[in-house]
Amino acid sequence: MSDIDKRNRLKEEPFTYRITKNGTVAINFKGKQIKIVKDKEAERLIARIKAVEDNILEVQLLLAKITGNFKHGNEKSGKNKRK
């Protein structure tokens, strides 16, 4: 795990997830929803989470991998748009 998370960002637990009644998984990053996983992919994710749920870092790594490379640093908040 040390080679994957060199800056120890996953120790801060930035990812959270919620499993809905119909079997979808909503993934949040620092409180903002970033991805919804459905169908077969959600079933596989739930099974993998349940297999490692006692290890928080492994769960964080699974959620990070399923979300992919979504944050690039050039996102704009929309508050300060130029006119």
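A good place to start is strand β2 (residues 25-29), which runs antiparallel to β3 and is joined to it by five bridges. Keep in mind as we go that this is a predicted model. Two of the pairings are easy to find on screen: Ile27 has Lys35 in β3 as its bridge partner, and Ala26 is matched with Ile36 in β3. Follow the chain from β2 into β3 and you pass through a hairpin with two residues between the strands. One residue to pause at in that turn is Lys30, whose phi is positive, at about 50 degrees.

Now let's widen the view to the whole sheet. It is open and made of three strands, in the order β1-β2-β3, with antiparallel pairing. The edges are taken by β1 (15-19) and β3 (32-37), each of which pairs on one side only. If you ignore direction, neighbouring strands of this sheet are turned by 25 degrees against each other on average. As a general reminder, strands of a sheet pair through backbone hydrogen bonds, in either a parallel or an antiparallel way.

Next come the helices. Helix α1 (residues 39-51) packs on the sheet and touches β1, β2 and β3, and its direction makes about 65 degrees with that of β2. Helix α2 also lies across β1, β2 and β3, and runs at about 85 degrees to β1.

With helix α2 (residues 56-67) in view, you can turn to the largest pocket, since this helix supplies the largest share of its lining, three residues. The largest pocket holds about 540 Å³ of space. Its lining consists of 18 residues, and those that lie nearest the centre are Arg7, Arg9, Leu10, Phe15 and Phe29. By character, the lining divides into eight nonpolar, seven charged and three polar residues.

Finally, a look at the backbone. Most residues other than glycine have a negative phi, so it is worth stopping at the exceptions. Glu13 is one of them: it is not a glycine, yet its phi is positive, at about 55 degrees. Glu13 sits in the segment before β1, and with a relative accessible area of 41% it is partly exposed. Asp39 also has a positive phi, near 55 degrees, in a residue other than glycine. Asp39 belongs to helix α1, and it counts as exposed because its relative accessibility is 61%, where exposed means over 50%.

Notes:
Residues numbered from 1 in each chain as written. Predicted model: local features only at pLDDT ≥ 70, side-chain atom pairs only at ≥ 80, totals over all residues. Heavy atoms only, no water. 1 Å grid on protein atoms, 1.4 Å probe; cavity = no way out; pocket = protein on both sides within 12 Å on 5 of 7 lines; lining within 4 Å. Points joined across faces, edges and corners; volume = space filled by probe spheres on them. Helix = DSSP H or I, 4+ residues; strand = E, 2+ residues; numbered from the N terminus. Nonpolar A, V, L, I, M, F, W, Y, C, P; charged D, E, K, R; others polar. Pairing = 2+ DSSP bridges. Axes fitted to C-alpha atoms, helices over the stretch in contact; angles between N-to-C directions. Contact = heavy atoms within 4.5 Å. Buried < 20%, exposed > 50% of the residue type's maximum accessible area, 1.4 Å probe, protein only.
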